[in-house]
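Let's take a walk through this fold together, one piece at a time. Have the viewer open and follow along as we go.

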Amino acid sequence: MLSKQSKTKTSYYRRLLVAYLIDTGINTPSLILEATGMPRRTLQDTIKALSELDIECVNAGGTINKSYSIASWGAIDKSWIAKNLEQVKEVLGNS
């Protein structure tokens, strides 16, 4: 049985997961929402919060055709996310 994760950890992992999805081509709001099941508002807040981790997320297009890309990962090692993706999803309950 999994123990309850801290809000800090789930928030951090949520940001890592969203950045990873964007970087791997799941980079539109509808695709990210489909992949994660998170509410739209949570997604918007998560994308805005990426800058707090020095992850530079750039958006392109308008309201209808919006897409995102990761211009810089800052101090985050994106290969760690790829190697630990199942753990990240498990913590978030997205596995």
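Which residues are buried in helix α5 (residues 85-92)? They are L85, V88 and V91, where buried means under 20% relative accessible area, exposed means over 50% and partly exposed is in between, using a 1.4 Å probe and protein chains only. Before going further, a word on the ground rules: this is a predicted model, local features need pLDDT of at least 70, side-chain atom pairs count only at pLDDT 80 or more, and totals for chains, interfaces and linings use all residues. Residues are numbered from 1 along each chain as its sequence is written, and side-chain values use heavy atoms, with hydrogens and water left out. As for the names, helices (H or I, at least four residues) and strands (E, at least two) are DSSP runs numbered from the N terminus.

Back to α5. Looking down its axis, the buried residues fall within an arc of 125°, so they line one face of the helix; that arc is taken from the directions from the helix axis to the C-beta atoms. Among what covers those buried residues are α1 and α4 (78-83), with contact meaning heavy atoms within 4.5 Å. Right after α5 comes G93, with a positive phi near 75°.

Helix α2 (residues 29-36) tells a similar kind of story. Its buried residues are P29, I32, L33 and T36. These cover an arc of only 100° around the axis, which puts them on the same side of α2. They pack against α1 (7-23), α3 (40-49) and β2 (67-72). After α2 you reach G37, whose phi is positive, near 75°. G37 also turns up among the contacts of I32, which touches V18, L21, I22, I26, N27, G37, L43 and Y68, leaving out residues up to four places away in sequence.

That brings us to the inside of the fold. In soluble globular proteins, nonpolar side chains tend to be buried together. Here the largest nonpolar core has 24 residues, and V18, I22, I32, L43, I55, I70 and W73 touch the most other members. (A nonpolar core is a set of buried Ala, Val, Leu, Ile, Met, Phe, Trp, Tyr and Cys residues joined through side-chain atoms within 4.5 Å.) At least two residues of this core come from each of α1, α2, α3, β2 and α5, and α1 gives the most, with eight residues.

Since α1 gives so much to the core, let's stay with this helix. T10 is found in α1 and is buried, at a relative accessible area of 16%. Its side chain reaches the backbone oxygen of K7 at 3.1 Å, a polar contact, that is, a pair of N or O atoms within 3.5 Å; within protein, one must be able to donate a hydrogen and the other to accept it, and residues adjacent in sequence count only if both atoms are side-chain atoms. Residues up to four places away in sequence aside, T10 touches Q5, V91 and L92.

Now for the rings. Two aromatic pairs turn up in the whole structure. Rings of Phe, Tyr and Trp (its six-membered ring) pair if their centres lie within 6.5 Å; planes under 30 degrees apart count as stacked, over 60 as edge-to-face and the rest as tilted. Y12 and Y13 make a tilted pair, 6.1 Å centre to centre with 45° between the planes. Y12 is partly exposed at 33% relative accessible area, whereas Y13 is buried at 7%. Y13 also pairs with W80: their centres are 6.0 Å apart and their planes at 55°, so this pair is tilted. It links distant parts of the chain, with Y13 in helix α1 and W80 in helix α4, 67 residues apart. W80 is partly exposed at 32% relative accessibility.

What about the strands? β1 (residues 56-60) and β2 pair in the antiparallel sense over five bridges, and two strands count as paired if DSSP finds at least two bridges between them. E56 stands opposite S72 in β2. The two strands form a hairpin with six residues between them, and G61 in the turn has a positive phi of about 85°.

Last stop: I76, in the loop between β2 and α4. I76 is buried, with a relative accessible area of 17%. Neighbours within four places in sequence aside, I76 is in contact with Y12, L16, L53, I55 and I81.
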